[in-house]
Amino acid sequence: MATITYPHLIETAEGTPIIEGTRIKVLFIARERLAGKDADAIQRLLPDLTLGQIHSALAYYYDHQTEMDEEIARRDRMFEQRKAEAAESPLKRKLKDRGLIP
């Protein structure tokens with residue numbers, strides 16, 4: 001079985017695919033695509049990237065879509081949990097009780 005490589009992409013020591021020469025994760029590119037942006041719109045957002053780099057990241061995403069979608073969902077859940085925890089902080093409750101914040 002041949003190993004498939006993606007031009008412009010490397011993996012970090014943790015195994016996270018990023019665009020070579022940057023710290024931009026393929027996951028970020030995938031999120032932008034899922035938000036409805038096409039490659040040209042992503043390039044306008046990240047003008048230092050070439051369309052080749054963006055298309056390579058998108059190819060990786062589509063070839064690993066199930067795993068990447070699961071990771072996106074995991075990160076979204078973690079974000080929502082942390083947001084809820086921050087909303088319920090003891091400091092925030094104390095400030096509300098004193099009428100200092102709404």
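Begin by selecting H8, which at 34% relative accessibility counts as partly exposed. The model is a predicted one. H8 is placed in the segment before β1. Its backbone deserves inspection: phi at H8 is positive, about 80°, although the residue is not a glycine. Most residues other than glycine have a negative phi.

Next, select L9. Leaving aside neighbours within four places in sequence, L9 is in contact with I18, I19, E20, V26, S56, A57 and Y60. L9 also belongs to the largest nonpolar core, a set of 18 residues in which L9, I29 and I54 touch the most other members. To see where this core comes from, colour α1, α2 (39-45), α3 (51-63) and α4 (65-87), the elements that each give two or more residues to it. The largest contribution, five residues, is that of α3.

Move now to α3 itself. The 13 residues of this helix should span 18 Å at 1.5 Å a residue, and the end C-alpha atoms are 18 Å apart, so the two values agree. Select Q53, I54, S56, A57, L58, Y60 and Y61, which are the buried residues of α3. Their cover includes β1 (9-11), β2 (17-19), α1, α2 and α4.

Within α3, centre on Q53. Is Q53 buried or exposed? Its relative accessible area is 12%, and Q53 is therefore buried, the cut-off being under 20%. Beyond residues up to four places away in sequence, Q53 touches H8, I19, E20 and D48. The contact with H8 leads back to the starting point of the tour.

Follow α3 towards α4 and display both helix axes. How are the two helices arranged? They pack at an angle of about 95°, with axes 5 Å apart, which makes α3 roughly perpendicular to α4. On the α3 side, select Y60, Y61, Y62 and D63; on the α4 side, select Q65, M68 and D69. By class, this contact has four nonpolar residues, one polar and two charged.

Keep α4 displayed and add α1. These helices pack at an angle of about 85°, with their axes 11 Å apart; α1 and α4 are therefore roughly perpendicular to each other. The residues to select are V26, L27, A30, R31 and L34 of α1, together with M68, D69, E71, I72, R75 and D76 of α4. In this contact of α1 with α4, six residues are nonpolar, none is polar and five are charged. M68 and D69 can be kept highlighted from the previous stop, where they also take part in the contact of α3 with α4.

Remain on α1 and select its buried residues, V26, L27, I29, A30 and E32. They pack against β1, β2, α2, α3 and α4. I29 was met earlier, among the core residues that touch the most other members.

Then centre on E32, in helix α1 (residues 26-34). Its relative accessibility is 12%, so E32 counts as buried. With residues up to four places away in sequence set aside, E32 touches K37, I42 and L45.

Finish just beyond the helix, at G36. This glycine follows α1 and has a positive phi, near 105°. With H8 displayed again, the viewer shows a positive phi of about 80° at a residue that is not a glycine.

Technical notes: Residues are numbered from 1 along each chain as its sequence is written. This is a predicted model: local features need pLDDT of at least 70, side-chain atom pairs count only at pLDDT 80 or more; totals for chains, interfaces and linings use all residues. Side-chain values use heavy atoms; hydrogens and water are left out. Helices (H or I, at least four residues) and strands (E, at least two) are DSSP runs, numbered from the N terminus. Buried means under 20% relative accessible area, exposed over 50%, partly exposed in between (1.4 Å probe, protein chains only). Contact means heavy atoms within 4.5 Å. A nonpolar core is a set of buried Ala, Val, Leu, Ile, Met, Phe, Trp, Tyr and Cys residues joined through side-chain atoms within 4.5 Å. Axes are lines fitted to C-alpha atoms, for helices over the stretch in contact, and angles run from 0 to 180 degrees between N-to-C directions. Angles under 35 degrees count as roughly parallel, over 145 as roughly antiparallel, 65 to 115 as roughly perpendicular and the rest as oblique. Ala, Val, Leu, Ile, Met, Phe, Trp, Tyr, Cys and Pro count as nonpolar, Asp, Glu, Lys and Arg as charged, and the others, Gly among them, as polar. The expected span of a helix is 1.5 Å times one less than its number of residues.
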